[in-house]
Amino acid sequence: MRKGKLNMERHDDKLKYGNFDTFYAALVDSSKKDEPNNFILNDPIENFIYLKFLFDNVDEIDIFVENLDYLIDTYNKAEVLVEGDDKRKQVLHDFWKSCESYMSKKQNSLQFIYKNSGGTDNFKEQDRINKILLDTKSVSDVQLYVLRDDLSIVEGLNFFLLVPKYSMVLTVQKMGDETFHVCYFHNEELYKSVKDIFGTFVKLSARKVIIIQDDNGGV
């Protein structure tokens with residue numbers, strides 16, 4: 001795949017900076033409207049408010065990340081922020097609770113593609129993830145794929161998330177010298193373009209079978 005910058009057109013509406021105290025309510029409000037609406041996730045903890053919103057309100061999520069270390073680093077940054085701050089600590093608690101709830105519902109699906117596994121063995125929350133996958137293995141539709149390692153990724157597509165219910169794309173965008181996660185609500189054109197890319201990635205990936213042992217050695 002040729003390298004190049006992802007072209008994302010700006011809408012007339014301004015990119016809105018959230019505040020973690022009100023971000024969830026702002027997402028709910030935007031989800032009830034049909035017009036495009038964009039949010040910058042400018043606080044690492046907002047990533048997990050955003051994911052909680054998805055787990056609470058949708059039934060289909062597609063995720064691609066080139067290297068799982070990226071997601072681990074995102075979580076670690078948020079966890080540092082919650083130290084000594086009960087309100088922020090509650091955000092991460094609520095995120096995991098909503099994640100477990102999402103994965104426990106049969107109608108919900110999650111497609112996850114990655115290229116490099118990174119340092120998941122050293123991720124201290126990996127046991128929690130394994131437990132969620134084990135507890136819900138026969139319930140929710142979780143599909144993991146590993147992208148062929150000989151493919152180069154288009155710049156700007158190292159990480160993205162798709163939600164068909166809202167024609168939503170969450171991706172990484174550089175603004176000046178800083179890099180942000182930007183959520184695009186009800187952007188049909190962008191959603192369709194990135195969905196096509198995701199479909200191509202699925203075709204170029206190998207399905208990964210989830211094999212997790214419980215404490216008694218069972219699968």
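Helices here are DSSP runs of H or I at least four residues long, numbered from the N terminus. With that in hand, you can find Ser-30 in helix 1, which covers residues 23–31. Keep in mind as you look around that this is a predicted model.

Let's stay with Ser-30 for a moment. Is it buried or exposed? Ser-30 has a relative accessibility of 2%, and because anything under 20% is called buried, it counts as buried. Leaving aside residues up to four places away in sequence, Ser-30 touches Asn-37, Phe-39, Phe-185 and His-186. Remember His-186, as we'll come back to that residue.

Just ahead of helix 1 there's a loop, which follows strand 1 (16–17), and Asp-21 sits in that loop. Asp-21 is partly exposed, since its relative accessible area is 46%, between the 20% and 50% cut-offs. Now look across from Asp-21 to Ile-49: the two are 28 residues apart in sequence, and their C-alpha atoms are 9.5 Å apart in space.

Time to step back and take in the whole protein. You can count 6 helices and 9 strands. There are 219 residues, and 46% of them count as buried. How do the contacts run along the chain? If you take contacts between residues at least 6 apart in sequence, 77% of them join residues at least 24 apart. As for the outside, the accessible surface comes to about 12100 Å², and carbon and sulfur atoms account for 47% of that.

Next stop is the largest pocket, with a volume of about 1200 Å³. Its lining is made up of 43 residues, and the ones nearest the centre are Leu-68, Leu-71, Phe-112, Gln-126 and Ile-129. Which element gives the largest share of that lining? The answer is helix 5, with 6 residues. Several other elements chip in with at least two residues each, including helix 2 (46–57), strand 3 (60–67), helix 3 (68–82) and helix 4 (86–103). Further along the chain, strand 4 (109–116), strand 5 (141–147) and strand 6 (159–163) also supply at least two each. Sorted by class, the lining has 31 nonpolar residues, 9 polar ones and 3 charged ones.

Now for a couple of backbone oddities. Ser-167 isn't a glycine, yet its phi is positive, at about 45 degrees. You'll find Ser-167 in the loop between strand 6 and strand 7 (168–175). Ser-167 is buried, because its relative accessible area of 8% is under the 20% cut-off.

Here's where His-186 returns. This residue, also not a glycine, has a positive phi near 50 degrees. His-186 lies in the loop that joins strand 8 (178–185) to helix 6 (188–203). Its relative accessible area is 13%, so His-186 is buried too. And, as we saw, His-186 is one of the residues that Ser-30 touches.

Finally, a word on cysteines. How many disulfides are there? The count comes to 0, where a disulfide would need a pair of cysteine sulfur atoms within 2.5 Å. Two cysteines are still worth finding in the model. Cys-99 has a relative accessible area of 11%, so it is buried. Cys-183 is buried as well, with a relative accessibility of 0%.

Methods: Residues numbered from 1 in each chain as written. Predicted model: local features only at pLDDT ≥ 70, side-chain atom pairs only at ≥ 80, totals over all residues. Heavy atoms only, no water. 1 Å grid on protein atoms, 1.4 Å probe; cavity = no way out; pocket = protein on both sides within 12 Å on 5 of 7 lines; lining within 4 Å. Points joined across faces, edges and corners; volume = space filled by probe spheres on them. Nonpolar A, V, L, I, M, F, W, Y, C, P; charged D, E, K, R; others polar. Buried < 20%, exposed > 50% of the residue type's maximum accessible area, 1.4 Å probe, protein only. Contact = heavy atoms within 4.5 Å. Areas by Shrake-Rupley, 256 points an atom, 1.4 Å probe, with all protein chains shown as cover.
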